[in-house]
Amino acid sequence: MLHFRFPTVLKELFQTNLKRPLTVSRRKTWLPICYCFSTASLDAKAVSSLKVLHAGVRRPLLCATPWTTRSYCVKTEGAVALEDQVKKDVINGEPASDKRRNAGILPSLEDLLFYTIAEGQEKIPAHKFITALKATGLRTGDPRLKECMETLKVTLKSTADGVMLDRHLFKKCVQSNIVLLTQAFRKKFVIPDFQSFTSHIDELYESAKKLSGGQVADYIPQLAKFSPDLWAVSLCTVDGQRHTVGDTKVPFCLQSCVKPLKYAIAVHDHGTDYVHSFIGKEPSGLRFNKLFLDEDDKPHNPMVNAGAIVCTSLIKQGASNAEKFDYVMNFLNKMAGNEYVGFSNATFQSERESGDRNFAIGYYLKEKKCFPEGTDMTSILDFYFQLCSIEVTCESASVMAATLANGGFCPITGERVLSPEAVRDTLSLMHSCGMYDFSGQFAFHVGLPAKSGVAGGILLVVPNVMGIMCWSPPLDKLGNSVRGIQFCTDLVELFNFHNYDNLRHFAKKHDPRREGGDQRQHTFGPMDYESLQQELALKAPLWKKVSPTESHQDSSTTVVYRMESVGERN
């Protein structure tokens, strides 16, 4: 939400002899727009300068506000019809918005952003902009902001003090990424009040940190070397908002957390029907490493070892292990937005040396002809161990999870990595089979797709909202991270993220997708509400937001918009 210093801009606006009216786009179903100013934020001189215009309408216009307001409709001298205005602009060959901006009447989006941060000052220090940017959840290292950050660095070198930016220099820096930045500062991201949300995340992190139960996995020697005190949580929203707390830069192996990712790659490449001609879709009800198949002699699902081994055999069939490994790593790098994805050779060697159970499963699968024809089982097991030994950090893995939450698009690069079909099927199986023998209870209590691994990671997806990676090595008796399970449970108890939480009537939980946490936001569909909002934001820098106070009524639509001025509320 944009906030502007009111008195100075108001004075300039009302003392300017406007050559044209502040026109608003009109459709046949729209009524005149009512601008509401709080009398508390206008001085007497400003109020007296407003002319009250009585507009005949089919029904009265109401401005329903929680605070005392007065409604004024502003009209300037010499107003002309919108249609005539558009015709003149077309004849002259110059858009009306450009003419008014050139005349100094309308500020650009870059100007509005500068006014938001400057708070009445003529210059702003660069660090103030960076601090405000981080408060929205965006990072300076976000690939989408690369051009902006590079221009800012070069621009600061050209200034006298290397710190301060005036309006023109600021505009030069932000113009390449103004759409993203405007969305961020107007709180148009999926989590509008990101600082408040992350403060709750930090509290949940600290609560889980106090737990001391569980044992670090030791059946793979390399995993036993991790300290039980390590604990990290990282999240990435579908808009690329980031937050991390704890040991989020320590690399660890994905282990079983790679299973849904390689399944997604297989479905992306071959389609659902082909993949599930080799693998089932049902929870097994058995330990993840059991030598057991379903009644059709297929592994129960791709989240248990037998299913994951068969799924591994479906990737890049006919290629060498080196080519297959590079292929999967390329996918994972794209999912992670090119953040850290590595490989632990020590863990791979350790896996292979202690992998008797997986070799037994492999030979059993070969006996039952579960692999595609011509598959080299021992080569597939090597590839399987390699994929389990891929390293990530909590930060990079959270972007992978966010790519799944975002329908296959990486939120920080905008690149499509996986097909919608692959993402849908992956999340479905994560929901029903992703947490070993705890999958049913996790689906019941948490209600979100997730996958755990014996390294202590839990890859959690909140569809259409965010991806989260929790990591702490101590595991419970079912092989899930003790702190991770606690964090996920507490998260859904606090926020209405459970798949079956009712978003309208579940009053006991917070909804971080609403501004303020609990006020419901209205969605108006294809009514050009966004275009109206942007137009009015350009025309009236003294206002911080356009918001609807009434929505659709019967067959004819009545929409009343309220302009909230600075000083009324934050």
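The exercises below work through parts of a predicted model, each with a solution in steps.

Residues are numbered from 1 along each chain as its sequence is written. In this predicted model, local features need pLDDT of at least 70 and side-chain atom pairs count only at pLDDT 80 or more, while totals for chains, interfaces and linings use all residues; side-chain values use heavy atoms, with hydrogens and water left out.

**Exercise 1. Describe the protein chain as a whole: how many helices and strands are there, and what percentage of the residues is buried?**

Solution. Start with the secondary structure: the protein chain has 22 helices and 16 strands, where helices (H or I, at least four residues) and strands (E, at least two) are DSSP runs numbered from the N terminus. Next take burial, where buried means under 20% relative accessible area, exposed over 50% and partly exposed in between, with a 1.4 Å probe and protein chains only; buried residues make up 54% of the 570 residues. Finally turn to contacts, which means heavy atoms within 4.5 Å: among those between residues at least 6 apart in sequence, 69% join residues at least 24 apart.

**Exercise 2. Establish the strand order of the open sheet of 5 strands, and state which strands are its edges.**

Solution. The order is β7-β6-β13-β12-β11, with antiparallel pairing; two strands pair if DSSP finds at least two bridges between them. The edge strands are β7 and β11, each of which pairs on one side only. Neighbouring strands of this sheet are turned by 10° against each other on average, direction ignored; for such angles, axes are lines fitted to C-alpha atoms, for helices over the stretch in contact, and angles run from 0 to 180 degrees between N-to-C directions.

**Exercise 3. Follow strand β12 (residues 457-462): which residues point each way, and which strands does β12 pair with?**

Solution. Begin with burial: because 6 of its 6 residues are buried, β12 is largely enclosed by the rest of the structure. G457, L459 and V461 point one way, whereas I458, L460 and V462 point the other way, and all are buried.

Then consider strand β11 (residues 450-452), which runs antiparallel to β12 and is joined to it by 3 bridges. I458 in β12 stands opposite S452. The hairpin of these two strands has 4 residues between them, and G456 takes a positive phi near 110°.

Last, strand β13 (residues 466-471) also runs antiparallel to β12, with 6 bridges joining the pair. The bridge partner of I458 in β13 is C470, and that of G457 is W471. This hairpin has 3 residues between its strands, and N464 in the turn has a positive phi of about 65°.

**Exercise 4. Characterise the surroundings of H243: is H243 buried or exposed, and which side chain is joined to that of H243 by a polar contact?**

Solution. Locate the residue first: H243 is in strand β7 (residues 242-246). H243 counts as buried because its relative accessibility is 15%. A polar contact is a pair of N or O atoms within 3.5 Å; within protein, one must be able to donate a hydrogen and the other to accept it, and residues adjacent in sequence count only if both atoms are side-chain atoms. One such contact, of 2.8 Å, joins the side chains of H243 and D202. Leaving aside neighbours within four places in sequence, H243 is in contact with F194, T198, I201, D202, V233, S234 and L235.

**Exercise 5. Analyse helix α13 (residues 305-313) and how its axis lies relative to that of helix α17 (residues 377-388).**

Solution. The two axes come within 9 Å and cross at roughly 105°. Angles under 35 degrees count as roughly parallel, over 145 as roughly antiparallel, 65 to 115 as roughly perpendicular and the rest as oblique; α13 and α17 are therefore roughly perpendicular to each other. The contact is made by N305, A308, I309, T312 and S313 of α13 with I380, L381, F383, Y384 and L387 of α17. By class, this contact has 7 nonpolar, 3 polar and no charged residues, with Ala, Val, Leu, Ile, Met, Phe, Trp, Tyr, Cys and Pro counted as nonpolar, Asp, Glu, Lys and Arg as charged, and the others, Gly among them, as polar.

To finish, take burial: 9 of the 9 residues of α13 are buried, so this helix is largely enclosed by the rest of the structure. The buried residues of α13 pack against α11 (259-270), α16 (356-367) and α17.
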